[in-house]
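Let us walk through this fold together, one part after another. Please keep the sequence and the 3D view side by side as you read.

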Amino acid sequence: MTTPALDVSHLRKSFSRPGSDIEVLSDTSFTLEPGATLALTGESGSGKSTLLHLISGLDRPDSGDIRVAGQNITALPDHGLARLRRERIALIFQQYNLIPSLNVADNLAFHARMAGRRDDAWTNALTERLGLSGLSDRMPDELSGGQRQRVAIGRAMALRPALLLADEPTGNLDEGSADVVIAAMLDLVAETGCALLLVTHSERIASRMSRRLHLSHGKVRPA
Ligand SMILES: Nc1ncnc2c1ncn2[C@@H]1O[C@H](COP(=O)(O)OP(=O)(O)OP(=O)(O)O)[C@@H](O)[C@H]1O
């Protein structure tokens with residue numbers, strides 16, 4: 001049996017507010033196989049970003065388990081979690097989050113170099129596959145939104161993660177640029193066997209994923 005890229009089991013998360021607690025996730029469970037693509041939808045405030053933060057190890061659940069490529073991240077101490085996040089989980093955000101002082105080539109290779117896993121052949125292949133070959137010397141502020149997001153995808157995939165988490169990755173892009181970005185992600189996910197969990201408000205983008213889940217009242221259900 002294949003080990004799931006992601007196994008989320010009975011997750012609960014509340015936030016304490018003066019006078020009241022907000023239960024955001026009450027019993028959230030799902031799995032994602034290697035190479036699978038999943039769209040997560042839900043109303044604003046339903047907890048999509050909270051769920052991504054827990055899966056990426058940026059925050060801890062109150063209870064429940066999260067396994068990434070078989071490893072239970074909820075049981076890991078902080079340093080082990082930081083390492084797993086660096087090596088197995090990649091994140092793409094709506095705001096690109098490129099390093100403004102580094103050019104395209106250095107942004108793309110940044111995380112792999114930081115992890116001591118420089119692989120020039122793979123980063124060169126990613127540069128070409130993402131249509132960035134002529135842009136290697138450009139700085140982030142000299143790029144369009146779609147180009148910036150393609151650099152962010154390259155940076156995420158340079159480490160060959162088991163799981164790619166994308167939070168509204170095309171939220172700032174027009175339809176044409178969004179389509180190019182989604183096609184690039186799906187192409188690289190299919191090639192590497194990485195699993196993709198993508199949060200979106202867009203029906204059009206969600207329909208491109210192989211599976212869909214809707215988050216409502218703290219639980220996910222097939223959409
Ligand atoms: N650190 C926090 N402290 C208190 N409440 C929080 C915190 N983070 C999130 N929340 C609350 O948890 C709920 C879910 O927020 P979350 O950002 O996960 O929703 P979302 O589905 O991603 O929304 P959107 O689609 O608008 O981005 C909201 O009611 C939010 O106010």
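A crossing of two helices is called left-handed if the near helix is turned anticlockwise from the far one by less than a right angle, and right-handed if it is turned clockwise. With that in hand, look at helix H3 (residues 104-114) and helix H5 (residues 145-157) in this predicted model: their axes come within 6 Å and cross at roughly 35°. Is the crossing of H3 and H5 left-handed or right-handed? Seen with the rule above, H3 and H5 make a right-handed crossing. On the H3 side, the contact is made by Val 104, Asn 107, Leu 108, Phe 110 and His 111, and H5 answers with Val 151, Gly 154 and Arg 155. Sorted by class, the residues of this contact are four nonpolar, three polar and one charged.

How far can you trust the picture? The protein chain has a mean pLDDT of 94, and 100% of its residues reach 70 or more. For the complex, the predictor gives an ipTM of 0.97 and a pTM of 0.94.

Now turn to the sheets. One open sheet holds six strands, in the order E6-E7-E8-E3-E9-E10, and its pairing is mixed. Strand E6 (89-93) and strand E10 (219-222) are the edges, each pairing on one side only. From one strand to the next, the twist averages 20°. At the E6 edge, you can follow E6 alongside strand E7 (residues 163-167): the two pair in the parallel sense over five bridges. Within this pairing, Leu 91 stands opposite Leu 165 in E7.

There is also an open sheet of four strands, ordered E2-E1-E4-E5, and here the pairing is antiparallel. Strand E2 (20-32) and strand E5 (71-72) form the edges, each with a partner on one side only. E5 pairs with strand E4 (residues 63-68) in the antiparallel sense over two bridges, and Arg 67 has Asn 72 in E5 as its bridge partner. Helix H1 (residues 48-55) packs on this sheet, where it touches strand E1 (6-17), E2 and E4. The direction of H1 makes about 120° with that of E1.

These elements bring us to the ligand. Which elements give two or more residues to the shell around the ligand? They are E1, E2 and H1, and H1 gives the largest share, three residues. To trace the shell in your viewer, begin with Phe 15, Arg 17, Ile 22 and Val 24, then go on to Gly 42, Ser 44, Gly 45, Ser 46 and Gly 47, and finish with Lys 48, Ser 49 and Thr 50. By class, the shell has three nonpolar, seven polar and two charged residues.

Notes:
Residues are numbered from 1 along each chain as its sequence is written. This is a predicted model: local features need pLDDT of at least 70, side-chain atom pairs count only at pLDDT 80 or more; totals for chains, interfaces and linings use all residues. Two strands pair if DSSP finds at least two bridges between them. Two residues are in contact if their C-beta atoms, placed from the backbone, lie within 7 Å. Axes are lines fitted to C-alpha atoms, for helices over the stretch in contact, and angles run from 0 to 180 degrees between N-to-C directions. A residue is near a molecule or strand if its C-beta atom, placed from the backbone, lies within 6 Å of it. Ala, Val, Leu, Ile, Met, Phe, Trp, Tyr, Cys and Pro count as nonpolar, Asp, Glu, Lys and Arg as charged, and the others, Gly among them, as polar. pLDDT is the predictor's confidence in each residue, from 0 to 100.
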